[in-house]
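Dear colleague,

I am passing on the structure we spoke about, and below it you will find my notes on what turned up in it. Please look through the structure first and then read on.

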Amino acid sequence: MIETEAEYRTPEEASVSFSEAVRPEFARYRTELLKAAPWPPRVLIIDGGTRSQRLSLGLWYAALLNCVSHGETEPCLQCRTCLQIAARSFADLIFLDGSRENIKIDAVRSVLGSLGQKPHGSGKRVILFAEAQKMSADTPHVLLKTMEEPRYEAVFLLLAPLKSQLLPTFISRSWSLTLPWNKQDPFPGQEEMEKELISFLRTGQGWFSLTGSKISAGSASSLFASLMSAQSSALSGHRTTDLEKMFGVFNAIGNRKAYELLEESIRALSQTGPNVSLILNRAALSLYEIVHAKKSA
């Protein structure tokens, strides 16, 4: 779906779109985007965080690439260009929203046909795919071909919960920015599952009797998201909970393996008819191997 909204009238109204991006905890991500802005990557993937956080930072980045007032600093978020970007009515912002329905190939083709023209303003044309994992099956291949062609000042911005939900060829051609994972509201029994998992990772016992009962894919996804949140906190130096302490002892290789494992587990749960117990058990065994490989190293 290509979305256009009415132009904001005041900076206060526009601040709703940018509110997540300008929070203090996102300063490091804004700094990374500021460094990239003079020579922006052709394709940028923003994953992790929440949908609203990804979208807010994506719109902030579009403002950074087009604001006429920012110079070498952050976008002003108050000029006409920034207000139009906040409203998604800016002429050089093309917004395709997969949160409402799948992004279909016809919508993408209609957008790509305009890329041979120069941007209307002095900045960059930004093609923003919100929830890019919702592209219909034939869409990514058409998009990839266009990404590889030299075009006028256009950049592609792909927002997704996990970059692993996108085609590997997208990832290999992209610069990625991963936001910290946020804890979701726990499901009934999640605290017990986390305790059982920690016990299993220490002793190798007890976990399989728990996963033999009926566990929904949503509950399992929430558990894996909690693990990713704990890993993000541990890597940031916050090691208060038992899960955070567990990730805190991993070396760089162990943390990378754990992150990839959790990503893959969430992706597997998003497929049609997943075997939830198998996915949970495979993840627990792999984490057990990472923990004990660290101890024996």
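**The cavity and its surroundings**

The lining of the largest cavity is made of nine nonpolar residues, with no polar and no charged residues among them. Please keep in mind throughout that this is a predicted model, and that every value here is computed from it.

The count of cavities of 30 Å³ or more comes to one, and the space inside the largest cavity is about 40 Å³. Its lining consists of L197, W207, L223, F224, L227, L280, A283, A284 and L287. Two elements, α10 (217–235) and α13 (276–296), each give two or more residues to that lining, and α13 gives the most, with four residues.

**The nonpolar cores**

Which residues of the largest nonpolar core touch the most other members? They are M193, W207, F224, L227, F247 and L280, in a core that counts 36 residues. The elements that supply two or more residues to this core are α8 (190–203), α9 (207–211), α10, α11 (242–248), α12 (252–269) and α13, and the largest share, eight residues, comes from α13. Thus α13 is the element that gives the most to the cavity lining and also the one with the largest share of this core. Likewise W207, F224, L227 and L280 appear in the lining of the largest cavity and are among the core residues that touch the most other members.

For a closer look at one of these residues, you might turn to F247, which, once its neighbours within four places in sequence are left aside, is in contact with L227, A230, Q231, A234, N255, A258 and L262. Apart from the core just described lies another core, of 34 residues, which includes L33, C67, F90 and A130.

**Strand β1 and its partners**

Strand β1, which covers residues 43–48, is mostly covered, since six of its six residues are buried. Which strands does β1 run parallel to? One is β4 (residues 154–159), which is joined to β1 by four bridges, and within that pairing I45 has L158 as its bridge partner. The other is β5 (residues 175–179), which is joined to β1 by five bridges, and here D47 has T178 as its bridge partner. When you view β1, it may help to recall a general point about strands. In a regular strand, side chains alternate between the two faces of the sheet.

With kind regards

Definitions and conventions:
Residues are numbered from 1 along each chain as its sequence is written. This is a predicted model: local features need pLDDT of at least 70, side-chain atom pairs count only at pLDDT 80 or more; totals for chains, interfaces and linings use all residues. Side-chain values use heavy atoms; hydrogens and water are left out. On a 1 Å grid over the protein atoms alone, a cavity is a set of points where a 1.4 Å probe fits but cannot get out, and a pocket is an open set with protein on both sides within 12 Å along at least five of seven lines; lining residues have an atom within 4 Å of a point. Grid points are joined across faces, edges and corners, and a volume is the space filled by probe spheres set on the points. Ala, Val, Leu, Ile, Met, Phe, Trp, Tyr, Cys and Pro count as nonpolar, Asp, Glu, Lys and Arg as charged, and the others, Gly among them, as polar. A nonpolar core is a set of buried Ala, Val, Leu, Ile, Met, Phe, Trp, Tyr and Cys residues joined through side-chain atoms within 4.5 Å. Buried means under 20% relative accessible area, exposed over 50%, partly exposed in between (1.4 Å probe, protein chains only). Contact means heavy atoms within 4.5 Å. Two strands pair if DSSP finds at least two bridges between them.
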